[in-house]
Amino acid sequence: MTHLLSLLLQLQVGDAAPAASPAAAADSAATAANAAAAAAPGLSLIDLILAGGWIMVPLFLLSFISIYIILERYITIRKAGAVPESFMPGIRNLMVKGDLQGAKMLCAQNATPLARMIEKGIRRIGLPLKEIETSVENVGKIEIARLEKNINVLGIIAGVAPMLGFVGTIIGVIKIFYAISSTGDFGIAQISGGLYTKMVTSAAGLIVGIIAHVGYHWLSIMVERMVFRMENSAIEFMDILQDN
């Protein structure tokens, strides 16, 4: 009887041991994974930029220039378009009354391209209509040229930045082949440095190019809207002169 009880106890212990082993194995695997994740070093943005090499310097300068032009032109164009809706009706009322001095003062109170264009036309009143129209158009062209200042630079940057990124790609490939030829081995240690340069510069060039490309077209649309508004105002001004 004693031998039978001992045998039953041994069987129960043997059955319990395998049941506990999967849980222990899972805990061990989870602990090992957490330790590996904690030991893996992070890659910061500065590390990525440094991995790109010297080609990142001109790309950084191009990005700074692009952002500066976009912000500066945006503020300038927004100010240029800040003309009250009552401006042209006010000009019409004053000119119908014959108050040219009041019309000039109203233009002087609005320091915008549109107001300067209309003021030029008022100062030419007394000359033939064709000459007045030519003067107004010439001032409008000068004002539009001022609004478009440096916008073409964004177009140049949009084309140059991806090319610089491609140059970085070529430099990265050269690094890879040089490391392989120097060590005679083809492994991760030989290709990692070149791949960093290749991928980082390509990405940076595309990002800078996209920013410049979007900024160029966005500002161009704003200028086109301003041109349309100035042309309508010039036509309305000439209609006022013909009606009076």
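**Helices, a surface patch and a pocket**

Read along the sequence, the protein shows the pattern α-α-α-α-α-α-α-α-α, and the count of its elements is accordingly given as nine helices and zero strands. The structure described here is a predicted model. Of the 244 residues of the protein, 32% count as buried.

On the surface, a nonpolar patch of about 390 Å² is made by Phe64, Ile65, Tyr68 and Val153. Helix α3, which covers residues 56–80, gives the most to this nonpolar patch, with three residues. Val153, by contrast, has its place in helix α8, which covers residues 151–183. The relative accessible area of Val153 is 31%, and this residue is therefore classed as partly exposed, since that class lies between the limit of under 20% for buried residues and that of over 50% for exposed ones. For membership of a patch, a relative accessible area of over 30% is required, a condition that Val153 meets with its value of 31%.

A further feature is the second largest pocket, which has a volume of about 300 Å³. The elements that give two or more residues to the lining of this pocket are α7 (129–147) and α9 (188–243). In total, the second largest pocket is lined by 13 residues, and those that lie nearest its centre are Met117, Glu137, Met230, Glu231 and Ala234. With regard to chemical character, the residues of this lining divide into eight that are nonpolar, one that is polar and four that are charged.

Note on methods: Residues numbered from 1 in each chain as written. Predicted model: local features only at pLDDT ≥ 70, side-chain atom pairs only at ≥ 80, totals over all residues. Heavy atoms only, no water. 1 Å grid on protein atoms, 1.4 Å probe; cavity = no way out; pocket = protein on both sides within 12 Å on 5 of 7 lines; lining within 4 Å. Points joined across faces, edges and corners; volume = space filled by probe spheres on them. Helix = DSSP H or I, 4+ residues; strand = E, 2+ residues; numbered from the N terminus. Nonpolar A, V, L, I, M, F, W, Y, C, P; charged D, E, K, R; others polar. Patch = residues over 30% accessible without salt bridge, like charges linked within 9 Å, V, L, I, M, F, W, Y side chains within 5 Å. Areas by Shrake-Rupley, 256 points an atom, 1.4 Å probe, with all protein chains shown as cover. Salt bridge = Lys/Arg side-chain N within 4 Å of Asp/Glu carboxyl O. Buried < 20%, exposed > 50% of the residue type's maximum accessible area, 1.4 Å probe, protein only.
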